[in-house]
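Hi everyone, thanks for making time. I'd like to walk you through a structure you haven't met yet, so have a look at the screen.

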Amino acid sequence: MAALGQVRTTFWDGCTPARTAFVTKFRDLVAAMPSEKQRSRALQLAIPPSTLSNYWSGRRMPRVHTLRAIFEAVRAHAAEGLPVTLAELEELRSYAVEGRQERDVQAVLVIAGSVPAARVPASAAGRSGEVPATGPAEGPAQDRHSARSAKVSETLEVLHSARASGDLRHLIGTAWSASRTLSEADFCDAVGALHATGDTDLAEALLLADGQREAADTMRLALALMGAGLHSSAELVMRASLPSGGGTQS
């Protein structure tokens with residue numbers, strides 16, 4: 001908890017993407033309470049301020065019966081309708097607590113509101129090693145190529161050239177620069193194009209070059225990749241972002 005009961009905005013360092021997704025919605029729930037001070041909120045929820053602080057940061061996860069009690073307490077004190085349902089919270093919690101890494105991408109879909117929690121397919125996260133589809137840009141290869149931006153074409157050309165010449169430093173530098181400068185649409189186009197030509201090593205270089213993405217950026221990129229049909233690439237990005245550590249429940 002921040003000093004003087006103020007609300008913190010950061011997450012516990014050990015949060016997985018699935019845990020972050022749950023905590024984000026949990027924060028939305030608690031923020032529906034009239035008071036903006038965490039100590040006052042904890043008092044109304046009948047839990048210690050330190051416990052609310054741990055739930056808020058993601059360091060600890062509430063047990064199901066505790067989550068339900070908190071939900072009912074918030075509903076009793078909130079002046080307006082709640083921004084999240086109990087079913088949605090329980091679904092996100094199950095992803096986070098089970099610790100099943102393949103569900104992290106599914107949790108991202110739920111938190112982003114792309115699909116209802118109950119309708120996320122079990123295969124949404126893909127399987128390591130699968131060759132992903134090329135996404136919405138389906139159709140004749142010539143059409144896809146003609147629609148490709150100059151930045152993407154240049155990036156692909158430089159990556160192939162660097163690999164052919166054995167210039168690993170230039171290859172990594174190009175991949176890192178592309179991950180920082182290309183739009184999400186162009187980035188997905190580049191990854192899809194590399195997979196389509198069998199250059200999975202270059203695709204992975206693009207996906208993993210930026211090892212300093214913020215959690216929100218990682219979630220946005222994973223969603224964009226999944227929207228483009230690149231499920232295994234989205235899974236790779238999410239897995240690469242997973243920190244070590246598990247946290248506790250209470």
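Let's start at the largest pocket: 21 residues line it, and R213, E214, A215, T218 and S241 are the ones nearest its centre. This is a predicted model, by the way, so keep that in mind throughout. The volume of that pocket is about 470 Å³. Which helices build the lining? At least two residues each come from α1, which runs over 17-30, and from α11, α12 and α13. Of the helices, α12 gives the most, with four residues. If you sort the lining of this pocket by chemistry, you get twelve nonpolar residues, five polar ones and four charged ones.

Okay, let's zoom out for a second. What does the protein chain consist of, in terms of helices and strands? It has 13 helices and two strands. The chain has 250 residues, and 44% of them count as buried. Its accessible surface is about 12,500 Å², and carbon and sulfur atoms account for 52% of that. Now take the contacts between residues at least 6 apart in sequence: 67% of them join residues at least 24 apart.

Next, the inside. The largest nonpolar core has 28 residues, and the members that touch the most others are L159, F187, V191, L194, L206 and L225. Six helices each put in at least two residues of this core: α8 (150-165), α9 (168-181), α10 (184-196), α11 (200-208), α12 (215-227) and α13 (231-241). Which of them supplies the largest share of this core? That's α10, with six residues.

F187 is a good one to click on. Setting aside residues up to four places away in sequence, F187 touches A178, S179, L182, L206, L207, R213 and L221. You'll recognise R213 from the pocket, where R213 is among the lining residues nearest the centre. And apart from that largest core there's another one, with 25 residues, including V23, L52, F71 and V84.

While we're around here, have a look at A205, which sits in helix α11. Not counting neighbours within four places in sequence, A205 is in contact with L171 and A175. The C-alpha atoms of A205 and T174 are 9.4 Å from each other, with their positions 31 residues apart along the chain.

Now let's move to earlier residues, and to A42, in helix α2. Is A42 buried or exposed? Its relative accessibility is 0%, so A42 counts as buried. Leaving out neighbours within four places in sequence, A42 has contacts with I47, P48, P49 and L52. That last one, L52, is also a member of the 25-residue core. A42 and I70 are 28 residues apart in sequence, and C-alpha to C-alpha they're 9.7 Å apart.

Go on from there to A46, in the loop between α2 (38-45) and α3 (49-57). What's the relative accessible area of A46? It's 70%, which means A46 counts as exposed. There's a backbone detail here too: phi of A46 is near 65°, a positive value in a residue other than glycine.

One more stop, and that's R60, in strand β1, which covers residues 60-61. Why does R60 count as partly exposed? Because its relative accessible area is 22%, and partly exposed covers what lies between under 20% for buried and over 50% for exposed. R60 and C15 are 45 residues apart along the chain, and their C-alpha atoms are separated by 9.8 Å.

That's the tour. If you want to explore on your own, you could go back to α12, the top contributor to the lining of the largest pocket, or to α10, which has the largest share of the largest core. Happy to take questions.

Definitions and conventions: Residues numbered from 1 in each chain as written. Predicted model: local features only at pLDDT ≥ 70, side-chain atom pairs only at ≥ 80, totals over all residues. Heavy atoms only, no water. Buried < 20%, exposed > 50% of the residue type's maximum accessible area, 1.4 Å probe, protein only. Contact = heavy atoms within 4.5 Å. Areas by Shrake-Rupley, 256 points an atom, 1.4 Å probe, with all protein chains shown as cover. Core = buried A, V, L, I, M, F, W, Y, C linked by side-chain atoms within 4.5 Å. 1 Å grid on protein atoms, 1.4 Å probe; cavity = no way out; pocket = protein on both sides within 12 Å on 5 of 7 lines; lining within 4 Å. Points joined across faces, edges and corners; volume = space filled by probe spheres on them. Nonpolar A, V, L, I, M, F, W, Y, C, P; charged D, E, K, R; others polar.
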